[in-house]
Amino acid sequence: MNSKSTPLRVKVEGQHQVSDEFFINIKDKLEDTIETFKDLQEKIGLLGLKKRSTKQETTTPSTSLVDDSDIFGRQRETEDLIDCLLSEDAKGKELTVVPIVGMGGVGKTTLAKAVYNHERVKDHFGLKAWFCVSERCDAFRITKGLLQEIGLMVNDSLNQLQVKLKESLKGNKFLVVLDDVWNDNYDEWDDLRNLFVQGDIGSKIVVTTRKESVALMMVNE
C-alpha cells in the first residue's frame with residue numbers, strides 16, 4: 001500500500017492537529033530543496049567560483065583618522081578614557097597598558113581614535129604612534145610600523161629596528177595605540193613590551209581587542 005494512502009493518525013495538542021500527511025509533505029519539500037542545493041553546488045564548481053574568505057586578516061587596517069560623526073554621543077566614554085591616560089600611576093610606573101575590550105562592531109577603534117586625536121592628549125604626550133596589529137602579529141612588522149609613525153627611516157634588521165625604537169622612546173612620555181590585537185602569546189608580547197619600559201613616567205599603551213585573554217596578558221606584568 002502506498003504510504004500516502006495510509007489512514008491518517010491525528011495527534012491532538014491543545015487546539016493543534018498534526019497529521020502524518022503534514023510530515024510527509026514536509027519531507028518531500030526538504031528532499032526537493034536538498035536536490036536544488038546539490039545542483040547549485042555542481043554549477044558553482046563548474047563555473048570555478050570560490051567561497052569568499054571572511055578571516056580576520058582580510059579586513060582593512062585601521063588608521064588614526066577620526067570622523068567626528070562616529071563619536072557623537074560617546075563624550076562621556078571619551079572623557080573617562082582621556083582622564084585615565086593623563087593620570088599618573090600611583091606607584092610611579094613608567095608604563096601602563098589600558099585595554100579596550102569588546103566584541104566586533106561595538107566601537108573600540110572609534111573610541112581609541114577619538115582619544116588619540118584629542119587636543120588634551122596631543123599636548124600631554126611627547127610622542128604618539130598608532131599601529132593596527134590585526135591577526136598576524138610579529139615583532140618586526142610592529143617595530144617597523146611604530147618607527148615609521150614617529151618619523152624615522154627604517155631599512156634595518158629586527159635587532160637594529162628594536163634598538164632604534166627603544167632609544168627613540170627612552171625618556172619620552174609616549175602614547176602608543178595597538179589596534180585590533182588577537183595574539184595572546186605571552187612570550188611575544190613580553191619581547192615587545194621590553195621596548196617600551198624606558199619611557200618617561202606616565203607613558204601609556206592603549207590596546208583594542210576582542211579577546212579577554214589578550215587584555216589580561218598585557219596588563220598583568
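**Two helix pairs and their contacts**

In this predicted model, Glu77, Thr78, Leu81, Ile82 and Leu85 of helix α2 meet Leu111, Ala114 and Val115 of helix α3. Sorted by class, the residues of this contact of α2 with α3 comprise 6 nonpolar, 1 polar and 1 charged.

Two packed helices are described by the angle between their axes together with the distance between those axes. For α2, which spans residues 75-86, and α3, which spans residues 108-116, the packing angle is about 60° and the axes lie 9 Å apart. Angles of 65 to 115 degrees would count as roughly perpendicular and angles under 35 degrees as roughly parallel, and α2 and α3 are therefore oblique to each other. The crossing of α2 and α3 has a right-handed sense.

The second pair lies further along the chain, where helix α5 covers residues 139-149 and helix α6 covers residues 158-169, and these two pack at an angle of about 45° with their axes 9 Å apart. That angle makes α5 oblique to α6. The crossing of α5 and α6 is left-handed, whereas that of α2 and α3 is right-handed.

On the α5 side, the contact is made by Ala139, Phe140, Thr143, Lys144, Leu146 and Leu147, while α6 contributes Leu158, Leu161, Gln162, Lys164, Leu165 and Ser168. Taken by class, the contact of α5 with α6 holds 7 nonpolar, 3 polar and 2 charged residues, and the nonpolar residues include Phe140 and Leu147 of α5 as well as Leu161 and Leu165 of α6.

Conventions
Residues are numbered from 1 along each chain as its sequence is written. This is a predicted model: local features need pLDDT of at least 70, side-chain atom pairs count only at pLDDT 80 or more; totals for chains, interfaces and linings use all residues. Side-chain values use heavy atoms; hydrogens and water are left out. Axes are lines fitted to C-alpha atoms, for helices over the stretch in contact, and angles run from 0 to 180 degrees between N-to-C directions. Helices (H or I, at least four residues) and strands (E, at least two) are DSSP runs, numbered from the N terminus. Angles under 35 degrees count as roughly parallel, over 145 as roughly antiparallel, 65 to 115 as roughly perpendicular and the rest as oblique. A crossing is left-handed if the near helix is turned anticlockwise from the far one by less than a right angle, and right-handed if clockwise. Contact means heavy atoms within 4.5 Å.
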